Amino acid sequence: MAKKKKSKARTKTEPVREQSETVVREHEVSDFGPDERWQHDEFAVERTGKGGGVSKRRRVTTQTPLDRYLSRGQITREQYNAGVRYFLLHRKGLGTARVTGKYEPFSSKSTGAESEGQGQAYVAFRECERQIGRQLADCAFDVLLMDMSAGDYAKKKNADPKGGILVFRLALDAIADHFGMPR
């Protein structure tokens, strides 16, 4: 006679925790995201204002090639600030699509019109590229905006990969000079 197999479905039930059993400490609940992210990368806690009791933010300090070069000491803080300014100018001039919250089949995502600020930022970005020269602008564009390493940029141009960081430093210095930033 064939034996009946028992169902292997789970019959155990987890005990339900009472709300009073759960103790949440203030430092465990934050706006900084899950702790798992902060285990893998270096980060800096920065204040967002000058007054007392100002909220803080965490910023990953090794996220882009520019961040990594600063943390390794391959570029100076002034060069870093010039690179950030170049990046932000491009981002502001680039513009983004206006996303609508409608579920219509033919909803428009963009009006196609630029704001005045976007146009000015784009013109300023192109002027900066023109002022620093084609080779340095190519390097700055690839490293700062495309997240390519300076060595990979040099390989792309059939040059010595160790010389890529030198070209990148020159590009950052030229950007800083264009914006009138101190070196």
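## Two helices side by side

A helix axis here is a line fitted to the C-alpha atoms over the stretch in contact, and the angle between two axes runs from 0 to 180 degrees between N-to-C directions. With that in hand, take α2 and α3 in this predicted model: their axes are 10 Å apart and cross at an angle of about 175°. Angles over 145 degrees count as roughly antiparallel, so α2 runs roughly antiparallel to α3.

Which residues of α2 meet α3? They are L66, D67 and L70, and across from them in α3 sit R77, Y80, G83 and V84. Sort the residues of this contact by type and you get 4 nonpolar, 1 polar and 2 charged.

## A closer look at α2

Several α2 residues are tucked away from the surface: P65, L66, D67 and Y69 are buried. L66 and D67 also belong to the contact with α3. Just after the helix comes G73, which has a positive phi, near 80°.

## The aromatic pairs

How many aromatic pairs turn up in a search of the whole structure? There are 2. One of them brings us back to α2: Y69 pairs with F168, with 5.7 Å from centre to centre and 50° between the planes, a tilted arrangement. Y69 belongs to helix α2 (residues 65–72) and F168 to helix α7 (residues 164–179), so this pair links parts of the chain that are 99 residues apart. Are these two residues buried or exposed? Both Y69 and F168 are buried.

The other pair is Y86 with F125. Their ring centres are 5.0 Å apart and their planes meet at 45°, so this pair is tilted too. Y86 sits in helix α3 (residues 77–94) and F125 in helix α4 (residues 116–132), 39 residues apart, so here again distant parts of the chain are linked. Both Y86 and F125 are buried.

## A charge over a ring

F179 has a charged partner: the charged end of R85 sits over the F179 ring, 4.3 Å from the ring centre.

## The whole chain

Stepping back, the protein has 7 helices and 2 strands. Reading from the N terminus, the order of elements is α-β-β-α-α-α-α-α-α.

Of the 183 residues in the protein, 27% are buried. Now consider contacts with a separation of 6 or more: residues 24 or more positions apart account for 49% of them.

Key:
Residues are numbered from 1 along each chain as its sequence is written. This is a predicted model: local features need pLDDT of at least 70, side-chain atom pairs count only at pLDDT 80 or more; totals for chains, interfaces and linings use all residues. Side-chain values use heavy atoms; hydrogens and water are left out. Rings of Phe, Tyr and Trp (its six-membered ring) pair if their centres lie within 6.5 Å; planes under 30 degrees apart count as stacked, over 60 as edge-to-face and the rest as tilted. Helices (H or I, at least four residues) and strands (E, at least two) are DSSP runs, numbered from the N terminus. Buried means under 20% relative accessible area, exposed over 50%, partly exposed in between (1.4 Å probe, protein chains only). A charge sits over a ring if NZ of Lys or CZ of Arg is within 6 Å of the ring centre and within 35 degrees of the ring normal. Angles under 35 degrees count as roughly parallel, over 145 as roughly antiparallel, 65 to 115 as roughly perpendicular and the rest as oblique. Contact means heavy atoms within 4.5 Å. Ala, Val, Leu, Ile, Met, Phe, Trp, Tyr, Cys and Pro count as nonpolar, Asp, Glu, Lys and Arg as charged, and the others, Gly among them, as polar.
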